[in-house]
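The paragraphs below walk through one protein, beginning with a single side chain and moving outward to helices and to the annotation on record. Please keep the sequence and the coordinates at hand while reading.

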Amino acid sequence: MAAGKTHDFHILSPSPWPIAMSGSALVLAAGAIGWMHKAAWGMPVFFLGLALVIAMFFYWWSSVVHEANTGDHTPVVQLHHRYGMILFIASEVMFFVAWFWAYFNAALFPSAHEGINGTWPPSGVEMLDPFVFPLINTVILLLSGTTVTWAHHALIHGDRKGLKQGLWLTIVLGLIFSCVQAFEYMHAEFGFAGNIYGSTFYMATGFHGFHVIIGTIFLIVCLARAYKGHFTPQQHFGFEAAAWYWHFVDVVWLFLFISIYVWGSRFGAAVAHNAFS
């Protein structure tokens, strides 16, 4: 008894994955640097490192899933996982705050920035219509927030069919969002370089699009696990974390749509001019 476990915490066994992931990331970084410096070995080393990183993700997360399925994730451990996910999302919020700050700093004080002629939106920049593709993507993400909530509700009530259907719909909507955004970027009349409008627009909306892709992959993994019967109404933090992340992506997009697409467009500028004239 003296040597038995007398606490609710999960003490990890020695694992090869942290050091293996560190080595894989080093290979990936070295390949990226070599590729950017046009070294002949750069591109193949980069893709080798990328393959290794993806493999490490799979094996490391498989170990975490195994720990959850064998009872190592006690209520106390799950509580701390929730704290960790909350702090992670909070850090992501601050990441986007930085891009919003850069955007509004330029929009509210255009005379302090070179290359935009003291006006916002910058003259000569062909703006995107906020009520075409951005509005379509807003509807898509709002619908996806509903479907992921449906999946969560179904899981809590033991409805595995509803869980799978909700996840399928959310994943499809996420993929459609990414395709629409890619189409929008392909037809935009302004680029990343040239002025601060293009830089802040693509950094804010582009990083959000990247988060949508990550969230879609997160949900695909949850769908695969649902088919394996991993989640139960009592223990499903892996899915819950994915749902939290997806709702975070939804909320950030609403702020992007309102501030950058609508308020920052010619339409928004005209409304503001009429309101204060």
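Does tryptophan 101 count as buried or exposed? In this predicted model, tryptophan 101 has a relative accessibility of 65%, and because exposed means over 50%, the residue counts as exposed. Tryptophan 101 belongs to helix α3, which comprises residues 75–108, and its C-alpha atom is separated by 9.5 Å from that of threonine 200, although the two residues are 99 residues apart along the chain.

Threonine 200 leads on to the record: an unreviewed UniProt entry lists, under "transmembrane region", residues 17–35, 41–62, 83–104, 131–155, 167–188, 200–223 and 244–264. In the model, the span 200–223 is 100% helix and 0% strand, with its end C-alpha atoms 34 Å apart, while residues 167–188 are 91% helix and 0% strand, with 32 Å between the end C-alpha atoms.

Helix α5 covers residues 160–186, and its length can be checked: at 1.5 Å a residue, its 27 residues should span 39 Å, and the end C-alpha atoms are indeed 39 Å apart, so the expected and modelled values agree. At the N-terminal end of α5, aspartate 159 acts as a cap, with a side-chain oxygen placed 3.4 Å from the backbone nitrogen of lysine 161.

As to confidence, the protein averages a pLDDT of 87, and 91% of the residues score at least 70. Among its elements, α5 has the highest mean pLDDT, 96, whereas helix α8, residues 266–276, has the lowest, 51.

Conventions. Residues are numbered from 1 along each chain as its sequence is written. This is a predicted model: local features need pLDDT of at least 70, side-chain atom pairs count only at pLDDT 80 or more; totals for chains, interfaces and linings use all residues. Side-chain values use heavy atoms; hydrogens and water are left out. Helices (H or I, at least four residues) and strands (E, at least two) are DSSP runs, numbered from the N terminus. The expected span of a helix is 1.5 Å times one less than its number of residues. A polar contact is a pair of N or O atoms within 3.5 Å; within protein, one must be able to donate a hydrogen and the other to accept it, and residues adjacent in sequence count only if both atoms are side-chain atoms. UniProt positions are given in the numbering used here, feature names are shortened, and annotations may be inferred rather than shown by experiment. pLDDT is the predictor's confidence in each residue, from 0 to 100. Buried means under 20% relative accessible area, exposed over 50%, partly exposed in between (1.4 Å probe, protein chains only).
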